Amino acid sequence: MLDIEKIRKEFPILETRVYNKPLVYLDNAATTQKPKCVIDAISDVYATINSNVHRGIHHLSQAATAAMEHSRDIVRRFIGAEHSHEIIFTRGTTESINLVASSFGETFLRKGDEIIVSVMEHHSNIVPWQLLCERKGVRLRVIPMTERCTLDIEKFRAMFTGRTRLVSVAHVSNVLGVTNPVKEIIEIAHGRDVPVLIDGAQSIPHTSIDVRELDADFFVFSGHKIYAPTGVGVLYGKEKWLNAMQPYHGGGEMIKSVRFENTTFNELPYKFEAGTPDYTGIIALGTALEWVNSLGIANIAAHEHALTKYAIKRLREIPGVRIFGEPDGAAVSFLTGEIHPSDTGTILDHLGIAVRTGHHCAQPLIEALKVPGTVRASFAVYNTREEIDAFIKGIERSIKMFS
Ligand code: PLP
């Protein structure tokens, strides 16, 4: 059992008062708050070892490089990858997917080829593929949902053709909080020799990830959703794919030699890490993951699942509340009667309660649900049942005000 009150004390922002009320932060799927150890890790880098990485023979540069590479190994162990050089640091999930769309797309895709995504993807797992489709004459195919808001696996099975080159799906929907059967999806795709990218933005903070057990070809996530700073993320790719793929950005660090006649590229992971990386953020990402390890991801998940279950139970007690899908993760999306989601969000905000409202960067899913948007409450390890009680009271108040 985790000591949640003790954990809360590690998050300075949770002391904040909003409109003179205690902050209730239920927007964790958008970004998590940061524990003191992560905030300190950032200032410690600047106070003690700041120097550009990989290029210097002097002490500080070597210390910064060692700390950054230590983080790479922490990430490797965190997601069960075989090699550290399969871990590419990026700015986040969005950049990781754009990297694969660009580099995998340029290397392996030809006019008439097909990529499969699902209707419940975040825009960052749709638009990079659409841009690629426009550039290369590739076709995007979309896995639909069942009535129960789950991916329609039978329809997915039937979508493969001789031109299918990649499947790219979310592990957990950022709107519905529903976990997709990614292991089954990977097995089906691999049965047709098609590689799979898993968008782990919403699973990494709440699930133990083992990319080798999943047999994912690519797995991407953002640091800021798992207590790490903004501006840093990860692309895991199987060595065989990363080695075969063209570089993404050109610049320093990603080259072996540069001549005007011809340039040769560096080995993994540096081939995909052009320019000065956010080594401070990367080092703090390592700190965040070690912090998560110290609590145990299974303990964190158990706490969050209990909160989600409790929130669903309380929401279902309110007449007129409609919950979308069957959330099994750490987020729940709903509407209260005919009240517009942004009206509910505004009332909650005035009570100090932060939730997200609108389309959640998943417009095709919102369209499929035939609603103007939803209200989403999403949980992290520092949330409590008392906060959910305050949130439910806020919902009841908003219903009273609008009816
Ligand atoms: N994919 C999913 C499922 C997400 O929830 C998000 C962010 O909410 C993203 C991708 C994009 O993440 P980022 O903005 O950190 O790149």
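## Where the ligand sits

The ligand sits in the largest pocket. Keep in mind that this is a predicted model. Here's a quick tour of the binding site, then of the chain as a whole.

**Who surrounds the ligand**

- The residues around the ligand run from T93 and T94 through H122, S124 and N174 to D199, A201, Q202, S222, H224 and K225.
- Sort that shell by residue character and you get eight polar residues, two charged ones and one nonpolar.

**Polar contacts and cover**

- Q202 reaches the ligand with its side chain: an N or O atom there is 2.7 Å from a ligand oxygen.
- S222 also uses its side chain, with a polar atom lying 2.7 Å from an oxygen atom of the ligand.
- T93 makes its contact through the backbone instead, where a polar atom is 3.5 Å from a ligand oxygen.
- On its own the ligand has 390 Å² of accessible area, and the protein covers 85% of that.

**The chain as a whole**

- DSSP-wise, the protein chain comes to 14 helices and 17 strands.
- The chain's radius of gyration is 22 Å, close to the 22 Å that the globule rule gives for 403 residues, so the chain is as compact as a globular protein of that length.
- If you want the overall dimensions, the C-alpha trace spans about 70 × 55 × 35 Å along its principal axes.

Notes. Residues are numbered from 1 along each chain as its sequence is written. This is a predicted model: local features need pLDDT of at least 70, side-chain atom pairs count only at pLDDT 80 or more; totals for chains, interfaces and linings use all residues. Side-chain values use heavy atoms; hydrogens and water are left out. A residue is near a molecule or strand if one of its heavy atoms lies within 4 Å of it. A polar contact is a pair of N or O atoms within 3.5 Å; within protein, one must be able to donate a hydrogen and the other to accept it, and residues adjacent in sequence count only if both atoms are side-chain atoms. Accessible areas come from the Shrake-Rupley method with a 1.4 Å probe; for residues, only the protein chains shown count as cover. On a 1 Å grid over the protein atoms alone, a cavity is a set of points where a 1.4 Å probe fits but cannot get out, and a pocket is an open set with protein on both sides within 12 Å along at least five of seven lines; lining residues have an atom within 4 Å of a point. A molecule sits in a cavity or pocket if more than half of its atoms lie within 2 Å of its grid points. Ala, Val, Leu, Ile, Met, Phe, Trp, Tyr, Cys and Pro count as nonpolar, Asp, Glu, Lys and Arg as charged, and the others, Gly among them, as polar. Helices (H or I, at least four residues) and strands (E, at least two) are DSSP runs, numbered from the N terminus. The radius of gyration is taken over C-alpha atoms; the globule rule is 2.2 Å times the number of residues to the power 0.38.
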